[in-house]
Amino acid sequence: MKVAKNIVLIAVIIFIGYHSVYFKKLDSIKAAKAATLFHASQYAQAFWNDKLIPHLEKAIDIMYLTNQLSTDTAKTFDTYSHALGIGNLRYFLVKGKGIVTSINENDASVLPDSSRQSIKIATEYIFGNAVRDATGLININEFNNTMDFNNVSAEINKIIRETILPSFKSTVRKENKVEFVGAIELNKEHLDLSRIEVIPVQIKIMPY
Amino acid sequence: MKRLLCLPTILAATILLSTFFIGGCKRHASNNSKKKVAVIVSTLNNPWFVVLAQTAASQAQSLGYETKIFDSQNNTALEADNFENAIASGFNAILFNPTDADGSIVNALKAKAADIPVFCMDREINSTDAATSQILSDNYSGCVALGKYFVEQMKKKGNYVEILGLVGDNNTWNRSKGFHSVVDFYPDLKIVAQQSADFDRNKAMEVMESLLQAHPGINAIFCGNDAMASGAYQALVAAGNSNQVKVFGFDGAEDVINSIKDKKIVATGMQFPKEMARTAANYADQYIKGKRDFPKKMPVAVELVTQENVDDYIGYGKKDNAQK
């Protein structure tokens with residue numbers, strides 16, 4: 001009788017012990033965790049290919065925009081600008097053509113067709129949220145935390161730094177005619193149209 | 001017969017009394033039915049948070065709510081007491097400036113369990129479902145802009161020190177990461193020390209005094225808030241090299257705006273506590289009126305204030321047209 005009791009007791013202990021401990025491969029745990037993580041570089045690349053590039057045709061002409069901003073600032077901001085958050089900093093998707101008037105350490109100055117006011121095409125400081133936000137196609141509710149959408153900006157800027165700028169910087173010369181599409185940041189309350197800087201998404205040197 | 005005649009009189013008197021009593025109760029209920037919004041703030045020792053709390057309360061009052069400000073004195077335990085008081089007192093919404101990104105989650109969850117919405121202002125909690133919405137300064141992007149200006153002012157080279165805020169606060173790291181996301185592209189800009197001063201002016205002065213002895217040849221200091229920038233600048237003045245070292249802050253505090261005008265401090269990132277507070281109060285009002293779809297995180301743009309554009313700003317915000 002005692003032997004039977006001990007056998008049952010051992011069986012219960014083995015049963016409980018077996019079902020109390022689980023072994024999983026570390027690789028599968030890491031893979032499962034990685035699958036739930038947000039991949040900013042993948043998101044940025046998909047946004048670039050699937051949303052941004054098809055949307056470039058909706059970019060507004062830079063000369064038209066500056067004229068509109070000079071005549072009706074509030075309405076122009078409401079109509080053409082976007083931003084992921086709230087505040088005075090708003091972003092526009094713009095396009096234009098013009099002559100390169102100087103090539104500087106951090107940018108190229110371009111005089112748009114039929115304009116007296118130069119703009120700058122950034123070639124060094126490719127930072128900030130201008131390109132991410134200018135289309136208005138990203139919804140903030142897609143992101144659970146602030147670092148995710150900060151990282152999206154960083155990855156989009158990396159694409160520009162690595163794929164758009166090198167060929168332009170190596171070939172552009174003063175007096176070249178260029179055609180560009182890009183994003184600009186403007187302060188709604190403190191508008192300064194004399195210092196427009198375009199972060200380029202597409203830029204090409206036109207043949208003479 | 002006499003008894004029968006009395007019955008309608010008694011009934012009429014009862015109905016009259018009941019009507020009066022119910023009417024009185026209704027009036028009493030309507031007096032108490034004014035909805036209430038609690039403002040629970042991390043500390044009222046710092047003027048920046050006083051502006052945040054008072055603006056939140058006055059915006060809620062302007063929307064028709066009774067308000068009360070609770071000071072957590074940077075103490076998570078006191079914050080927990082404030083939440084319990086707010087829940088027990090029947091507040092309808094809480095506008096919340098947390099003391100700790102992790103430690104404050106449980107307090108927000110308590111309110112959520114009691115069906116009270118929580119709207120975080122300025123400081124973040126590390127949970128996406130405890131608060132109804134979090135209205136936060138876009139610290140990272142603000143420091144990206146500040147980092148770019150820093151690189152330009154330093155002409156891409158030099159030695160600098162970074163003074164961090166509270167190491168347990170997300171804002172500290174979002175600011176630091178934003179700054180380094182730019183500055184680290186330039187290898188000739190070398191960080192010689194990175195130390196915390198807990199967002200405190202006096203601690204920053206002490207930290208800077210000892211760092212100046214260890215690294216006398218620094219060219220710039222990046223501080224995670226304006227109080228620390230002021231403390232660091234004081235240490236430079238005491239050491240006699242305030243003209244050689246460029247100081248950068250973050251917040252948009254009044255004394256630093258004045259220091260930028262006086263060309264003592266180079267630049268800061270202007271946060272908008274009033275904008276955040278008003279947005280949080282408006283969200284609470286919308287929630288109470290039935291709206292449920294709020295962004296989990298709502299960034300508020302931070303603007304770069306330099307010696308070129310400082311005249312457009314005042315402490316904690318932008319000059320309106322009447323002030324220009």
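pLDDT is the predictor's confidence in each residue, on a scale from 0 to 100. That matters here, as this is a predicted model: local features need pLDDT of at least 70, side-chain atom pairs count only at pLDDT 80 or more, and totals for chains, interfaces and linings use all residues. Residues are numbered from 1 along each chain as its sequence is written, chains are lettered from A and ligands numbered from 1 in the order in which they are written, and side-chain values use heavy atoms, with hydrogens and water left out.

Confidence comes first. The model scores ipTM 0.80 and pTM 0.81. Chain B has a mean pLDDT of 89, with 89% of its residues at 70 or more. Two stretches of chain B do worse: pLDDT stays under 50 over residues 1–7, and under 50 again over residues 11–32. For residues 11–32 the model has zero contacts beyond four places in sequence, a contact being heavy atoms within 4.5 Å. Residues 1–7 likewise have zero such contacts. Where pLDDT is low, the predicted coordinates should not be read in detail.

What is chain B built from? It has 10 helices and 14 strands, where helices (H or I, at least four residues) and strands (E, at least two) are DSSP runs, numbered from the N terminus. Of its 324 residues, 52% count as buried; buried means under 20% relative accessible area, exposed over 50%, and partly exposed in between, using a 1.4 Å probe and protein chains only. Among contacts in chain B between residues at least 6 apart in sequence, 73% join residues at least 24 apart.

Now for the nonpolar cores, each a set of buried Ala, Val, Leu, Ile, Met, Phe, Trp, Tyr and Cys residues joined through side-chain atoms within 4.5 Å. In soluble globular proteins, nonpolar side chains tend to be buried together. The largest core here has 54 residues, and A:Ile160 and A:Ile184 touch the most other members. Helix α7 of chain A (residues 146–171) gives the most to this core, namely eight residues. Apart from this core lies another, of 30 residues, including B:Ile218, B:Ala229, B:Tyr233 and B:Met270. Back in chain A, and leaving aside neighbours within four places in sequence, A:Ile160 is in contact with A:Trp48, A:Ile126, A:Val131, A:Leu165, A:Pro166, A:Ile199 and A:Pro200.

Helix α7 of chain A also holds A:Asn157. Is this residue buried or exposed? A:Asn157 counts as buried because its relative accessibility is 4%. Not counting residues up to four places away in sequence, A:Asn157 touches A:Ile126, A:Phe127 and A:Gly128.

Two helices of chain B are worth a look. Helix α5 (residues 139–154) has 16 residues that should span 22 Å at 1.5 Å a residue, and its end C-alpha atoms are indeed 22 Å apart; the expected span is 1.5 Å times one less than the number of residues. This helix, α5(B), is mostly covered, with 12 of its 16 residues buried. Among them are B:Tyr140, B:Cys143, B:Phe150 and B:Met154. Just after α5(B), B:Lys155 takes a positive phi of about 55°.

Helix α8 of chain B (residues 226–239) reaches 20 Å from its first C-alpha to its last over 14 residues, close to the 20 Å expected. At its start, a side-chain oxygen of B:Asn225 comes to within 3.4 Å of the backbone nitrogen of B:Ala227. The buried residues of α8(B) include B:Met228, B:Ala232, B:Tyr233 and B:Leu236. Their cover includes β6 (158–164), α7 (201–214), β8 (220–223), β9 (246–248), α9 (254–261) and β10 (267–270) of chain B. After α8(B) comes B:Gly240, with a positive phi near 80°.

Most residues other than glycine have a negative phi. A:Glu175 has a positive phi, near 80°, and is found in the loop between α7 and β5 (177–187) of chain A. A:Glu175 is partly exposed, with a relative accessible area of 48%. B:Asp198 has a positive phi of about 55° too. This residue, B:Asp198, is found in the loop between β7 (189–196) and α7 of chain B, and is partly exposed at 29%.

Finally, the cysteines. How many disulfides does the structure hold? There are zero over all chains, a disulfide being a pair of cysteine sulfur atoms within 2.5 Å. For B:Cys143, the nearest cysteine sulfur is that of B:Cys223, 11 Å away. B:Cys143 counts as buried because its relative accessibility is 0%.

Notes:
Polar contact = N/O pair within 3.5 Å; in protein donor to acceptor, adjacent residues only side chain to side chain.
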